[in-house]
Amino acid sequence: MEPYGNDHLFHDSTLAFSSDVEKWLRDQGSSEGDLSQRRDVFRTRLATKRCVVVAGYEACRDALEEKEFVASQAYNELLSGVMGETTLLTMEEDGELLKATKMLLHGTILKSMDHIVFTSLIPKLEERLDKLSGKPVNLYEVVRDCIADSIVSEVIGPHHIDERQQLDLLLKDHFRAASRPPVKLKLGKIWMSAFQRGIEARDKLLAKFEAVVKNFEPSEGESCSADCSSLLCAIFTENNNWKMDNKTALSTKHLAGILLVLSNTIIPKTVATLVASTCASITLDISLFEKAHNEAKSCQVDIKSCAGMQENCSETIRLCTKETLRLWPALIAAPRKCNNDVIFRGYKIPKGRYVIIMLLAGNRDPASYGPSANEFSVKRWKVTPPPPEPLSFGGGPRSCSGRDLAEKISVAVICKLLQKYSSWQLKKGSNPLDYKWFPVSAHREPVKFVFTP
Ligand code: HEM
C-alpha cells in the first residue's frame, strides 16, 4: 500500500512546510486538524523531491532503525555541498571511515570536550553574565558564542586573536550557506551567492584545519596518554594508536573534516537553543523556578564533577531539560534516502525516495504522550512507567554523538545560573513560545532574560 498523501509535482509543500511546520504537520491529520487522527506516514513533495514523511512516535523510532533508510552522501544535498564529502554528517552508512570517526568522537574527543566545558566554557559564561547582571541579556547568543569560542580556542589556540576573528567570519559564512539555495554563482570579485560563499569558506576552513593538523606536535611526544585533555593531543594519540594496531586510521584531510564538524556553528546553536528554551520554561513557572533554585542551591556537587543528567543532579533541572528537548528539539528532522525498495510499516517505499523522519512530530505524538502532548509538563516524567524518551537526538546507527555532552552542558549552565542569580525575569515583549525551526530551532525573536543576584 502507498502511504496517504500526494507527491505530484503540483503538490510541492515546501512553502507551507518552511513557513509554519507545526501547522503543516497538523494539517496532515483529519480535515479538522485533529492530532489524534494524524497520519504516521504520508507522502508529500519538498524542494521538488518526492518524499515520505514519518510523523508518529513509533513510526519515527522504526524509521531511525530501518537499515534501508540511509544517511548517504545525499543525506542532505545541501549539507554535502557545504560540509564536504568526507565529514561525518555526509558519510555513507557502515563505511570503515564512519566507524573510525565515531570511535574517535565517542572516546577521546568527547572526553576532552568535557574538560573544555568546565575549564573554558563555564568561566567564560560567568564572566560575560557578570557584566550583564541586572540588564537584559540574550542568553541564546551568549551561550552560542561562548561555546563556539571555547571550541575554536581549543582547536587553534587561545592567543591568535586575528586568526580567530578571521575564522569566526568564515564559520558564519559556512553556516549560513546550509540554509541557502544551492546556487554556485560568482560575478568576478564583486558578488557571489551565499551558497558559493559557504563553499569558499568551507575550503578555506578545511585548508586552515589541515595546516593545524600537519603542524601539531603533541607536547609530550609519544608518551602522552591523552590525559592532558588537549583536544588535538587526544585526537592524535588515538589515531596513532590505531595506526600502530593496523586499524583504519584517519588521514590529515579527514581529521580536518572532524575539526570542521566540531567548529561548525551547528553544535553551539543546538546547545544554546536547549539552554535558552529550558531557562525560559523555568522562568515562566514560578513554582518550578523555586524548586529548581532550591535544588541548585543545596547541590553539593562541584561543578567540575557535574555529571549532567545523572541521578545526583537537580531533578527539576533534569526534567525541565528533557521536557524542553521533547517540545522544542533543536533539529526537527532526520533526513534519509531509501536505499532499496522496502515495505515499511505496511507501506511501499521505493528505492531512491527521500524519507524525512520528523522528530518534532514524534515527540508530540498523543499516542505516546497523551492528550497533553503539546503542553510543557514536567509531571509527565514522574509517572510510572514514564513515557518513552524523546527522539530529539535521533536514534539507531546515526544517533547524536554529542548527546551526553549537550545535556551535561545544559544542566551545568542552568545549575550555575540558579546558584548565582535568585531572580530570573523575561524582558517584556519576549515570546518564548514563538519558534523558527530552520536550520536549527531557536526563538524567532531573541528572548531576553534579566538575571539579578
Ligand atoms: C541539544 C543539542 C543537540 C541536539 C538536539 C542534537 C541532535 C542531533 C540529531 C537529531 C542527530 C541525528 C541526525 C540524523 O539522524 O540524521 C545528531 C547527529 C550528530 N550530532 Fe548532535 N545534537 C546536539 C548536540 C551535539 C553536540 C554537542 C555534538 C558534538 C560534540 C553533536 C555531534 C553530532 C554528530 C557528530 C552527529 C552525527 C552522527 C552520525 O551521523 O553518525 N551533537 N545530533
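## Around β11

Val53 of β3 stands opposite Ile356 in β11, and Val54 stands opposite Ile357. This is a predicted model, in which local features need pLDDT of at least 70 and side-chain atom pairs count only at pLDDT 80 or more, while totals for chains, interfaces and linings use all residues. Residues are numbered from 1 along each chain as its sequence is written. Helices (H or I, at least four residues) and strands (E, at least two) are DSSP runs, numbered from the N terminus. Two strands pair if DSSP finds at least two bridges between them; β3 and β11 run parallel and are joined by four bridges.

On the other pairing of β11, strand β8 (residues 333-338) runs antiparallel to β11 over five bridges. Here Arg336 stands opposite Val355. How much of strand β11 (residues 354-358) is buried? Five of its five residues are, where buried means that 20 or more other C-beta atoms, placed from the backbone, lie within 10 Å of a residue's own (exposed is 12 or fewer, and partly exposed is in between). Cover is found on both faces of β11: Tyr354, Ile356 and Met358 are buried on one side, and Val355 and Ile357 on the other.

## The mixed sheet of six strands

Let's step back to the whole sheet. It is open, has mixed pairing, and places its six strands in the order β1-β2-β3-β11-β8-β4. At the edges are β1 and β4 (69-70), each of which pairs on one side only. Helix α3 (residues 57-65) packs on this sheet, touching β2, β3, β4, β8 and β11, and its direction makes about 130 degrees with that of β11. Touching rests on contacts, meaning C-beta atoms, placed from the backbone, within 7 Å. Axes are lines fitted to C-alpha atoms, for helices over the stretch in contact, and angles run from 0 to 180 degrees between N-to-C directions.

Why is strand β2 (residues 41-46) largely enclosed by the rest of the structure? Five of its six residues are buried, so the surroundings largely enclose β2. Strand β1 (residues 4-5) runs parallel to β2 with two bridges, and Tyr4 stands opposite Phe42. Strand β3 (residues 49-54) pairs with β2 in the antiparallel sense over six bridges; Leu46 has Lys49 as its bridge partner in β3. In the hairpin of β2 and β3 there are two residues between the strands, and Ala47 takes a positive phi near 45 degrees.

## The antiparallel sheet of three strands

A further open sheet has three strands in the order β5-β15-β12, with antiparallel pairing. Both β5 (136-138) and β12 (423-426) stand at the edges with a single partner strand each, so one side of each has no neighbour in the sheet. From one strand to the next, the twist averages 35 degrees.

β5 and strand β15 (residues 448-452) run antiparallel and are joined by three bridges, with Val137 standing opposite Phe449 in β15. Helix α6 (residues 139-156) packs on the sheet, touching β5 and β15, and its direction makes about 50 degrees with that of β5. α11 also packs on the sheet; this helix touches β12 and β15, and its direction makes about 100 degrees with that of β12.

## The shell around the ligand

How many residues surround the ligand? There are 24, and the closest are Thr270, Ala334, Gly394, Cys400 and Gly402. A residue is near a molecule or strand if its C-beta atom, placed from the backbone, lies within 6 Å of it. The elements giving two or more residues to this shell are α5 (96-131), α11 (266-284) and α16 (403-420). The largest share, four residues, comes from α11.

By type, the shell divides into 17 nonpolar, five polar and two charged residues. Ala, Val, Leu, Ile, Met, Phe, Trp, Tyr, Cys and Pro count as nonpolar, Asp, Glu, Lys and Arg as charged, and the others, Gly among them, as polar.

## α16 and the chain overall

α16 is mostly covered, with 13 of its 18 residues buried. From first C-alpha to last, α16 reaches 26 Å, close to the 26 Å expected at 1.5 Å a residue (the expected span is 1.5 Å times one less than the number of residues).

The protein chain has 16 helices and 15 strands, and 43% of its 453 residues are buried. Among contacts with a separation of 6 or more, 70% are between residues 24 or more positions apart.

Terms used. Contact = placed C-beta atoms within 7 Å.
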